[in-house]
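Student: I should like to go through this model and ask, for each label, what justifies it. Please set each value against its criterion.

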Amino acid sequence: MGLDKDIIVDEKEGPSQAQAAGATIEISGIKSVRFPDKKLETISRVVVERLLSYFVDQDRPCPSVVIREAKNPSDSLSLNDYLGKENSQIVEMKVDEGTFSLSANEDKKSFQVRVFKFFAPRMAKSKISLVAHRREVTDNPLQTYIPEFGEEFFEPGPDQDLAKGRNFVIKAYVFGDYLNDNVSLERGEFRFQTDTDLLNGISQTDIEQKAAEIAQSAVGAEIAERKKRKEVRIAEYVTNDAPWHRILAKEVDFSALPMRPSNQDIELHLQKKKYEQEITTRAQVTALLKSENPDELGEKISQLIEKISDTSKNDLIHYVSMRKCVLELFSKSLEIGAEGKHKSEGDVHDIIMPRKKDSEELNYDAHNLWILDERLNFTSYVSSDKPLQSSRDRTDITVYNRRVAYRGDNEASNPITIFEFKKPQRDDFADPSSKEDPVQQIIRYVNQIREGKFKTPTGRDILVNDTTPFYGYVVCDLTKKVKDWLQKEKNFTPMPDGLGWFNWFGNISLYMEVVSWTKLLRDAEMRNKIFFNKLGID
């Protein structure tokens, strides 16, 4: 009461004629925002909730506190009797063991916990309050220690009538001499540390963690049910969205996750644990390699190899699962869209490798060249729809198996692979007047490279000789027009499956294939099907 630092405003001393001890406090001008309902019942509940630690002190009885209307003095409520009233908004809960001890510098300190339900709560979260000299000093959310306290609880009405049920939150009050002895003079904070306290030996976190466990026992069945729902949620995510984490998920403690974790929450938690495991394993490997005890090697090597294998399995499962997603997206891109048209070659191109990029600008695994050929995963330079220096020409994808700058003997025998893509169902490039003949485009590009006209975008020479092998691939839909064009004008030979054509240009050491989008997709699916089957995701 009072303003600023004043305890009592306009304090006056003088002899008293009163026959009994006590005080009368008048509350006027209550702000409507804080108390939209100014009934005695509402104000009583709020005051008792705020001063509950005084009313429940078992060692020092609280003086009688009565609240009444000034206009109607006969209408009054005793705050001391509020907790015992029928249908009270605040009810103490029974706990099996309401005390615990913690060691402070070899001296044990005892604490008592009392747990209360607050029905129709004004506060949104369940909390832990530390009390000193009957005054509530701190309060922190219980969900900090047990995430399943993150939402309100529900108690059905008589005869399990849900319609008459009430929501409630939990509040655990902690009492003890250690709290009384370490509170500040103003009783606004404690002198011990929040987390680790080496001086006093017991921190606020230590106390609240133990109190949270006792509060959990008061609503154990509901907390257990919430934990079970969280476990099911995590299991569904791992099974359906992240099967590569199956082994890791069995070893990880998820208790710190929110009670309703998002996919991102679960994934970040798993990635963190995976990283921690990798760091631990590396440290163990380093220590083992430095060990001079031969008896230690045999036993620990097998354990470490098993850990490394499990990590590798997780990564492989992740990689294979992502391949399946890419193939599904690739298959979808070959279908007719809502407008009745096929996607452009650019849209399909970007799935295999983003346009206007090369491997200097992309991470190793940022392309899907394995759709074209598994060997392309191991190439060291790739250019996608990007002209090399000294030329305006550009192929859709050009691959060099090694960078010339890093050749051990500067050999020119490493193959170069070139791809050209054409929009699904497009065949106008087979017209006599077309300037987009993909076969001629690849031949022209090979000749220009052989003549030494190009450098890579980083300025490196592309060294070739007369025997440098070239591979050219045109990916398009094999309409009748395209087949006739390949057979009658380009002298190509059909493949046995009828989904591709090939030719050998001996003078420039160029092997070229023209394959359909259907074949490209089917072959990629067949190469990966056994892996999908083993993971149960086919």
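Student: How many salt bridges does this predicted model hold?

Tutor: The count comes to 22 salt bridges.

Student: What makes the pair of lysine 171 and glutamate 136 a salt bridge?

Tutor: The criterion is a side-chain nitrogen of Lys or Arg within 4 Å of a carboxyl oxygen of Asp or Glu. In this pair the N to O distance is 3.0 Å, so the criterion of 4 Å is met. The two partners come from distant parts of the chain: lysine 171 belongs to strand β9 (residues 166-175) and glutamate 136 to strand β7 (residues 135-141), 35 residues apart.

Student: Why is lysine 171 called buried?

Tutor: Buried means under 20% relative accessible area. Lysine 171 has 5%, and therefore counts as buried.

Student: Is glutamate 136 buried or exposed, and what else does its side chain meet?

Tutor: Glutamate 136 has a relative accessible area of 12%, which is under 20%, so the residue is buried. Its side chain also makes a polar contact with the side chain of serine 129, at 2.8 Å; the limit for such a contact is 3.5 Å. Leaving aside neighbours within four places in sequence, glutamate 136 is in contact with Arg50, Ser53, Ser129, Leu130, Val131, Lys171 and Tyr173.

Student: How do you know that arginine 260 and glutamate 151 form a salt bridge?

Tutor: The N to O distance between their side chains is 2.6 Å, which lies within the 4 Å limit. Arginine 260 sits in the loop between α6 (246-249) and α7 (263-290), and glutamate 151 in the loop between β7 and β8 (153-155), so the pair ties together parts that are 109 residues apart in sequence.

Student: Why is arginine 260 called exposed, and why is glutamate 151 called partly exposed?

Tutor: Exposed means over 50% relative accessible area, and partly exposed is the range between 20% and 50%. Arginine 260 stands at 57%, so it counts as exposed. Glutamate 151 stands at 30%, so it counts as partly exposed.

Student: What makes arginine 229 and glutamate 222 a salt bridge at 3.8 Å?

Tutor: The closest N and O atoms are 3.8 Å apart, and the criterion is within 4 Å; the pair therefore qualifies. Salt bridges that share partners join Glu222, Glu225, Arg226 and Arg229 into one network. Arginine 229, at 40% relative accessibility, counts as partly exposed, and glutamate 222, at 31%, counts as partly exposed.

Student: How many disulfides are there, and how accessible are cysteine 62 and cysteine 476?

Tutor: The structure holds zero disulfides; a disulfide would require a pair of cysteine sulfur atoms within 2.5 Å. Cysteine 62, at 21% relative accessibility, counts as partly exposed, because the buried class requires a value under 20%. Cysteine 476 has 0% and is buried.

Student: How do you know that the span of helix α10 agrees with what is expected?

Tutor: Helix α10 covers residues 438-450, which is 13 residues. The expected span is 1.5 Å times one less than the number of residues, so α10 should span 18 Å; its end C-alpha atoms are 18 Å apart, and the two values agree.

Student: What caps the N-terminal end of α10, and what follows the helix?

Tutor: Aspartate 437 caps that end, with a side-chain oxygen 2.9 Å from the backbone nitrogen of valine 439. Glycine 452 follows α10 and has a positive phi, near 75 degrees. The buried residues of the helix include Pro438, Val439, Ile442, Tyr445 and Ile449.

Student: Why is tryptophan 370 called buried, and where does this residue lie?

Tutor: At 2% relative accessibility, tryptophan 370 is under the 20% limit and so counts as buried. It lies in the loop between β10 (357-358) and β11 (381-384). Its C-alpha is 7.8 Å from that of alanine 524, although the two are 154 residues apart in sequence.

Student: How much of the protein as a whole counts as buried?

Tutor: Of its 538 residues, 41% count as buried. The protein has twelve helices and 17 strands.

Notes: Residues numbered from 1 in each chain as written. Predicted model: local features only at pLDDT ≥ 70, side-chain atom pairs only at ≥ 80, totals over all residues. Heavy atoms only, no water. Buried < 20%, exposed > 50% of the residue type's maximum accessible area, 1.4 Å probe, protein only. Helix = DSSP H or I, 4+ residues; strand = E, 2+ residues; numbered from the N terminus. Polar contact = N/O pair within 3.5 Å; in protein donor to acceptor, adjacent residues only side chain to side chain. Contact = heavy atoms within 4.5 Å.
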